[in-house]
Amino acid sequence: MASLLEAFAGRPRLHVLDLGPAVGGNVEFLSRFGCKLYIQDLYPALVPWQTAIGGLPTPGAATVATIDRAAVREAHETWDARPPRPDGGDEETGLAGRFGQLLAFPEETRFDAVLIWDLINYLERREVAALARQLARFCGPGAVMFALISILKQIPAEPMRFRILDQEHLAYETRTAAVRPCPRYAPAELSELLRGFRLDRSFLMRHGTQEYLFARQAG
Amino acid sequence: MTIGKNGRVRADVFGNTVVVEGEVDGNLFAQQQAILRQSGAVRGNITAPRVMLEDGSRFRGSIDMESKDAAKPGPAAHGPQPATAHPPTPAAAPVSAGGNASGAAGAQPLHAAAAAPQASGRAPGS
């Protein structure tokens, strides 16, 4: 958090996009920076769509004992091999359209910071790339993206709720006892997926979470 | 102005203190404070000097805590507006300024995350 808040320093009238659930404590904390805070809890909107396209198992219902990894892999391979859509669209178009719907802001919108929290742990690679493309449209050069990436084999089946306690501490709350496999994205892979953003710094915390701060590149 | 638990409003809401316990699909403009209770859900923008969201409340939109443009009739130009816009309703007289403003009532157990050391250095390469 400290590195994120350093990026806030000296910036007047910050525009911050929070892609997690609305947390009162975070609103109160960020109000000290004179932010205009946009809250768009992305995950609940993505889950039905992920399930419909044969994505990862429905969160909340998955446990380590019941995930059929072969079936998940087959679903992805089947999806990758499916013929083009009759309407001429393709998966990339579908993904871009979906994130375009979920993150629809006026064109002149520019965010100074995006709080992704642990959402990336729940997205497939194609989704991470599509999300980055959509966010890049609304982030000016120097805008920062804050993400928490797990390096554990298993993660809670749903994203956690994070509360900013102070400049150096976050509290997290798991919302389900179920678990699911974690994609465990490596830094190099994230840099490739999050095009338009460069890795500014990362910090390995306890509990198997790595804190990332990405910065929007110019151009 | 209080939107009760069973209230369903599809309009902009204006008041001195705006308390939402039900559902609002529209923008909130409060001169003093906007409070979203645990049972409340708002889809729209909030403009108020102080905003309080109780844990469990649902919100989607932007929160602008500059005071100068709060509670003005009509959607004020605070910058980007959401894709959906609603025609403003006439300013309503504050009905109730009650409500507990003592802070978020988060009853969920939280586990303190590990404290990060002062220096956030660069992580070793992958």
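# Group meeting: a predicted two-chain model

Val16(A) counts as buried, at 0% relative accessibility, where buried means under 20% relative accessible area, exposed over 50% and partly exposed in between, with a 1.4 Å probe and protein chains only. I begin with that residue and will work outward.

Some conventions, before I continue. This is a predicted model, in which local features need pLDDT of at least 70 and side-chain atom pairs count only at pLDDT 80 or more, while totals for chains, interfaces and linings use all residues. Residues are numbered from 1 along each chain as its sequence is written, chains are lettered from A and ligands numbered from 1 in the order in which they are written, and side-chain values use heavy atoms, with hydrogens and water left out.

Val16(A) belongs to strand E1 of chain A, residues 15-18. Strands (E, at least two residues) and helices (H or I, at least four) are DSSP runs numbered from the N terminus. What is Val16(A) in contact with, leaving aside its neighbours within four places in sequence? The partners are Phe8(A), Leu30(A), Cys35(A), Lys36(A), Leu37(A), Tyr38(A), Phe111(A), Ala113(A) and Leu115(A), with contact taken as heavy atoms within 4.5 Å. The C-alpha atom of Val16(A) is separated by 26 Å from that of Gly208(A), a residue 192 positions away along the chain.

One of those contact partners, Cys35(A), leads to the cysteines. How many disulfides does the structure hold? The count over all chains is zero, a disulfide being a pair of cysteine sulfur atoms within 2.5 Å. For Cys35(A), the closest cysteine sulfur is in Cys139(A), 14 Å away, and that is too far for a bond. Cys35(A) is buried at a relative accessible area of 2%, and Cys182(A) is likewise buried, at 9%.

I turn next to a hairpin in chain A. Strand E6, residues 161-166, pairs with strand E7, residues 169-173, in the antiparallel sense over five bridges; two strands pair if DSSP finds at least two bridges between them. Two residues form the connection of the hairpin from E6(A) to E7(A). Within E6 of chain A lies Arg163(A), whose bridge partner in E7(A) is Ala171(A). Is Arg163(A) buried or exposed? Arg163(A) is buried, with a relative accessible area of 13%. Its side chain also reaches the other chain, since a polar contact of 2.5 Å joins Arg163(A) to the side chain of Asp55(B). A polar contact is a pair of N or O atoms within 3.5 Å; within protein, one must be able to donate a hydrogen and the other to accept it, and residues adjacent in sequence count only if both atoms are side-chain atoms.Salt bridges are the next topic. The term covers a side-chain nitrogen of Lys or Arg within 4 Å of a carboxyl oxygen of Asp or Glu, and by this rule there are eleven over all chains. Arg198(A), Asp200(A) and Arg201(A) are linked in a network of them. In that network, Asp200(A) meets Arg198(A) at 3.1 Å, N to O, and Arg201(A) at 3.2 Å between the closest N and O atoms. Asp200(A) is buried at 16% relative accessibility, whereas Arg198(A) is partly exposed at 40% and Arg201(A) is partly exposed at 23%.

In chain B, the side chains of Arg10(B) and Asp25(B) form a salt bridge at 3.8 Å, N to O. Arg10(B) lies in the loop between strand E2 (8-9) and strand E3 (13-20), and Asp25(B) in strand E4 (residues 23-25), so the pair ties together parts of chain B that are 15 residues apart in sequence. Arg10(B) is exposed at 68% relative accessibility, while Asp25(B) is buried at 17%.

As for chain B overall, the secondary structure comprises ten strands and zero helices. Of its 126 residues, 45% are buried. Among contacts in chain B with a separation of 6 or more, 27% involve residues 24 or more positions apart. The accessible surface of chain B is about 6300 Å², with 52% belonging to carbon and sulfur atoms; these areas come from the Shrake-Rupley method with a 1.4 Å probe, and for residues only the protein chains shown count as cover.

Finally, the backbone. Most residues other than glycine have a negative phi, and most peptide bonds are trans. Which residue in strand E3 of chain A, residues 111-117, should be noted here? That residue is Trp117(A), which has a positive phi of about 55° although it is not a glycine. Trp117(A) is buried, with a relative accessible area of 4%. Arg184(A) also has a positive phi, near 55°, and sits in the loop between strand E8 (179-181) and helix H7 (187-193) of chain A. Arg184(A) is partly exposed, at 43% relative accessibility.
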